[in-house]
Amino acid sequence: MTSKDTNPEQSPSPPDAFHPGSEVTGQALRQQAVEIFEQRQSLSAQDLSELSPEAVQQTLYELQVHQIELEMQNIELQRVREELETARARYFDIYNLAPVGYMTLTDNGIIEEANLTAATLLGMSKLELARQPISRFICTEDQDIYYLYSKQLFETGLPSVCELQMVKKDTTTLWAHLAATTALGNDGATVCRVVLRDITSRKRAEEEILRNESRLKRLVAILQYPAETIQDFLDYALEQALQLTGSKIGYIYHYLEDRKELVLNSWSKDVLPACAVANPQTCYALEKTGIWGESVRQRRAVIVNDFQAANPLKKGYPDGHVHLLKFVTIPIFKGERIVSVVGLANKETDYDETDILQISLLMDAVWKVTDGMQAEMERSKLETQFQQAQKMESVGRLADGVAHDFNNMLSVILGYAEQALEEVDPSSSVHQALQQIYNAGKRSANITRQLLAFARKQNVAPEVMDLNETVEGMLKILRRLVGENIKLAWTPETSLWSVKIDPSQIDQILANLCVNARDAIADVGKIIVETDNCSFDAEYCGAHPGFMPGEYVKIAISDNGCGMDKLTMANIFEPFFTTKGVGEGTGLGLASVYGAVKQNKGFINVYSEPGQGTTFTIYLPRFVDHARQVQVESITKPAARGHETVLLVEDELTILKMTTIMLQRQGYTVLAANTPDEALRLASDF
């Protein structure tokens with residue numbers, strides 16, 4: 001830097017510039033004194049002898065005066081020298097302790113001189129910094145920036161400014177602002193004067209602003225994303241989280257705190273093509289998780305920036321799993337409860353607290369939106385289910401009305417068939433035909449009873465029964481329900497114990513479970529219905545939650561359909577819960593099964609695996625109080641005869657006529673009325 005440079009960022013002027021006239025004046029006085037002394041020295045002894053006493057006296061006086069002046073000048077020179085030393089010390093203090101760093105570089109980048117501030121910024125002493133190439137302190141990724149900056153400076157001679165990252169002695173980094181000019185050094189060579197400022201705080205603030213802007217942009221994108229389902233919404237949110245942190249892969253797991261289980265919700269789209277794990281799990285018990293479950297156990301985020309290094313918390317991952325290099329797992333809270341865990345992996349640089357903060361803020365907002373979507377979907381679902389329940393109620397009322405009318409017709413058919421059977425010779429072919437008509441009518445009556453049971457219009461009337469007989473009576477209907485593509489196998493226990501339950505409830509249980517099994521089978525499949533006797537003691541029940549000690553009759557319905565995951569199984573008996581589409585189910589079928597079983601003091605066990613099918617096993621208490629009494633009524637046994645008068649009231653004319661004939665044939669006098677008013681009139685006239 002030359003003396004004519006006026007840049008305030010450059011080094012101050014040399015200390016010789018202070019009091020420039022003082023030293024010149026002192027030198028002039030000394031020169032004058034020397035000249036006088038030499039003049040006096042040049043006088044010969046003769047000249048001196050010729051001087052008068054007055055002249056000698058004058059000469060001595062002048063010499064004394066000049067001596068005093070010289071002494072005064074010496075004092076002044078000493079004072080100026082002291083001021084100069086003080087100024088020079090002040091200059092070096094200002095230079096060294098300036099709020100910015102100063103460095104002088106050679107044309108090939110060697111540090112010739114640096115102030116204390118520059119050395120401190122780089123974590124070194126001034127002596128350590130001298131003769132070091134400045135490129136040693138430039139981050140690798142910014143070397144090109146420094147090269148272009150230096151080249152432009154020396155080629156143009158114009159002041160140059162740049163910002164880059166520098167490495168301290170302890171390998172930490174700082175952001176630096178460099179402002180440089182060229183100047184001539186003491187040896188006449190071109191040097192570079194550099195002013196260095198630490199702008200790390202400003203850069204971090206700028207980066208934070210950019211991160212916040214990026215997070216807000218991604219949050220806006222997430223909120224505006226037209227997701228049709230929560231699953232779709234969370235998948236998109238996960239992709240945005242990956243982009244925000246620069247991660248390659250990630251996941252979102254729901255955490256069921258009451259069951260201490262993690263259930264997979266979303267994998268990043270790049271994971272599945274790279275994953276070669278056979279039958280990957282989607283549900284994990286917390287105690288079986290390795291380091292990725294630590295975020296739940298410790299209730300805080302966990303960072304592993306060297307995943308390949310040994311770690312006592314790691315349990316390894318299965319063959320074919322995506323290779324992990326860096327990893328962070330972050331719990332998402334709803335109040336004090338952990339509702340989800342987000343994992344991100346394989347970022348180019350290390351994960352840090354900023355990543356945790358960014359993802360926590362993003363996912364907190366996402367979860368609030370998810371809760372809102374969930375509430376809206378639940379409301380819509382309840383409305384749909386309510387409408388469906390209303391439709392089903394209407395269907396039930398219709399079924400009840402149809403069954404009532406059908407029962408009336410069946411009563412007429414059965415009544416006349418019974419009368420005809422009494423009048424026809426049992427050995428004739430007509431009697432056999434009438435018997436078949438009567439049997440068909442009885443079977444039709446059973447169908448009506450089942451229809452009333454499905455419509456929930458028939459009162460519960462428990463009776464002691466052989467479960468095998470009831471199931472066998474339902475097989476034809478069940479096969480029609482499941483369709484021709486599905487094989488219905490029946491494997492009963494031959495010596496089955498008795499149970500006490502309403503037959504309509506058994507019909508209802510079988511129908512609901514078989515329909516569910518049918519819907520779980522995509523095309524061709526198999527359903528197995530089996531019965532057996534079971535006994536459980538206290539020890540067994542202690543090891544198997546949900547089981548109760550005692551003797552039970554088991555009825556199991558198994559299918560080889562799609563199966564269920566644990567999250568679905570946890571909700572299947574809840575009213576209105578269904579995995580079927582709108583209009584395909586009310587969500588009341590399994591709830592009614594559960595209610596019927598509990599009403600009869602039984603219990604249900606469900607086993608299912610995704611892709612492996614499902615088995616519903618129902619345990620009903622064995623009936624041991626009384627032996628089952630089966631009364632077989634003979635339709636050909638003569639009825640008791642009488643002579644009394646009977647008032648018969650019936651609004652259905654066909655039944656009124658048939659019943660009147662039947663009673664009259666038994667010897668009764670019948671007053672037949674079709675309405676209550678007519679019945680009152682007949683009674684008063686009798």
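This is a short tour of a predicted model, with stops at a kinked helix, an aromatic cluster and two charge-over-ring contacts.

**Stop one: helix α13.** Select residues 467-482, which make up helix α13, and look for a kink of about 45° centred on Leu-475. Leu-475 is also among the buried residues of α13, along with Leu-467, Val-471, Met-474 and Leu-478. Now move to the start of the helix: a side-chain oxygen of Asp-466 comes to within 2.9 Å of the backbone nitrogen of Asn-468. After α13 comes Gly-483, with a positive phi near 95°.

**Stop two: the aromatic cluster.** The structure has 18 aromatic pairs. To see some of the rings, select Phe-536, Tyr-540, Phe-547, Tyr-552, Phe-603 and Tyr-619, which form one aromatic cluster. Centre your view on Phe-536, which counts as buried because its relative accessibility is 11%, under the 20% cut-off.

Add Tyr-552 first. Its ring centre is 6.0 Å from that of Phe-536, and the planes meet at 40°, so this pair is tilted. Phe-536 lies in strand β15 and Tyr-552 in strand β16, 16 residues apart. Tyr-552 is buried too, at 6% relative accessibility.

Next, turn to Tyr-619. How are the rings of Phe-536 and Tyr-619 arranged? Their centres are 5.3 Å apart with planes at 75°, so the pair is edge-to-face. This contact joins β15 to strand β18 (residues 613-621) across 83 residues. Tyr-619 counts as buried, at 7% relative accessibility.

**Stop three: charges over rings.** Select Trp-497 and Arg-622: the charged end of Arg-622 sits over the Trp-497 ring, 4.1 Å from its centre. Then pick Trp-175, where the charged end of Lys-203 sits over the ring at 4.5 Å from its centre.

Conventions
Residues are numbered from 1 along each chain as its sequence is written. This is a predicted model: local features need pLDDT of at least 70, side-chain atom pairs count only at pLDDT 80 or more; totals for chains, interfaces and linings use all residues. Side-chain values use heavy atoms; hydrogens and water are left out. The bend at a residue is the angle between axes fitted to the seven residues ending there and the seven starting there. Helices (H or I, at least four residues) and strands (E, at least two) are DSSP runs, numbered from the N terminus. Buried means under 20% relative accessible area, exposed over 50%, partly exposed in between (1.4 Å probe, protein chains only). A polar contact is a pair of N or O atoms within 3.5 Å; within protein, one must be able to donate a hydrogen and the other to accept it, and residues adjacent in sequence count only if both atoms are side-chain atoms. Rings of Phe, Tyr and Trp (its six-membered ring) pair if their centres lie within 6.5 Å; planes under 30 degrees apart count as stacked, over 60 as edge-to-face and the rest as tilted. A charge sits over a ring if NZ of Lys or CZ of Arg is within 6 Å of the ring centre and within 35 degrees of the ring normal.
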